[in-house]
Amino acid sequence: WVGGGIDAFMGAKDDGLLEQVQFDAAADLADSYKDSEGYWYSKGITIVGFLLNNSLMEELELGAPATWDDLLDPSYQGEIIMSNPAISGTNYAVVNALLQTKENGWDYFNGLNENVAYYARRGSDPLNKVIADEFAIGITYIDGTVEALLPDYDVTIVYPEDGLPWVPEGVAVFKNAENVEA
């Protein structure tokens, strides 16, 4: 199992769904990036920013947000999509990070909720719906696959100036999987 927020890997371990394994490079990982019993390991981190649909931003005469606070601007109402943080480990990490860093975190999310038109069921939905011209702004993971879209789609990546929420990505082996040694 490769990829996804580490919280899902922790839950899978607790539910008895993972094999205990030792990877060659496990000793090189900091203790906070691996399970002490060898059930999951972090393979990297996922950062979160904004993906803007340039055509929609121009058509709607919207300025580009530079910070998380900018997303509270009423002009963005109905033009923001993010994945449901109850389903998406990545957006759970966003909520967690912003609650820890904002003085009035729940007030912030009440304001953001006014502008979010749709809480998606999949982590890739904000990306896909922004490039499909359905929303002007997507709160989404930013990685090499998103950066690779820039030449082919009229989109811009924004790395928020006031912080990049992040979550470790996991790797593990499912219990009773075929070819565990590989």
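**Figure 1. Thr67 sits in the loop between H2 and strand E3 (80–83).** The model is predicted. Thr67 has a relative accessibility of 16% and so counts as buried, the limit being under 20%. A polar atom of the Thr67 side chain lies 3.0 Å from the backbone nitrogen of Asp70. Leaving aside residues up to four places away in sequence, Thr67 touches Phe50, Pro160, Glu161 and Asp162. One of these, Asp162, returns in Figure 3 as a salt-bridge partner of Lys102.

**Figure 2. Lys102 and Asp69 form a salt bridge.** The closest N and O atoms are 2.8 Å apart. The pair links distant parts of the chain, with the two positions 33 residues apart in numbering. Lys102 is in the loop between helix H3 (89–101) and helix H4 (105–115). Asp69 is in the loop between H2 and E3, which also holds Thr67. Lys102 counts as buried, at 17% relative accessibility. Asp69 is partly exposed, at 41%.

**Figure 3. Lys102 also forms a salt bridge with Asp162.** Here the closest N and O atoms are 3.8 Å apart. This pair, too, links distant parts of the chain: the two residues are 60 residues apart. Lys102 comes from the loop between H3 and H4. Asp162 comes from the loop between strand E6 (155–158) and E7. At 38% relative accessibility, Asp162 is partly exposed. Asp162 is also among the residues that Thr67 touches.

**Figure 4. Glu169 and Lys43 form a salt bridge between two strands.** The closest N and O atoms are 2.4 Å apart. Glu169 belongs to strand E7 (residues 166–171) and Lys43 to strand E2 (residues 41–53). The partners are 126 residues apart, so the pair links distant parts of the chain. Glu169 is buried, with 14% relative accessibility. Lys43 is partly exposed, with a relative accessible area of 45%.

**Figure 5. Salt bridges link Lys13, Asp35 and Glu37 in a network.** A search of the whole structure finds 7 salt bridges. Those shown in the earlier views include Lys102 with Asp69, Lys102 with Asp162 and Glu169 with Lys43.

**Figure 6. Confidence is lowest in strand E1 and highest in helix H2.** Strand E1 (residues 2–5) has a mean pLDDT of 82. Helix H2 (residues 54–59) reaches 98. The mean for the protein chain is 92. A pLDDT of 70 or more is reached by 100% of the residues.

How values were computed. Residues numbered from 1 in each chain as written. Predicted model: local features only at pLDDT ≥ 70, side-chain atom pairs only at ≥ 80, totals over all residues. Heavy atoms only, no water. pLDDT = per-residue confidence, 0-100. Helix = DSSP H or I, 4+ residues; strand = E, 2+ residues; numbered from the N terminus. Buried < 20%, exposed > 50% of the residue type's maximum accessible area, 1.4 Å probe, protein only. Polar contact = N/O pair within 3.5 Å; in protein donor to acceptor, adjacent residues only side chain to side chain. Contact = heavy atoms within 4.5 Å. Salt bridge = Lys/Arg side-chain N within 4 Å of Asp/Glu carboxyl O.
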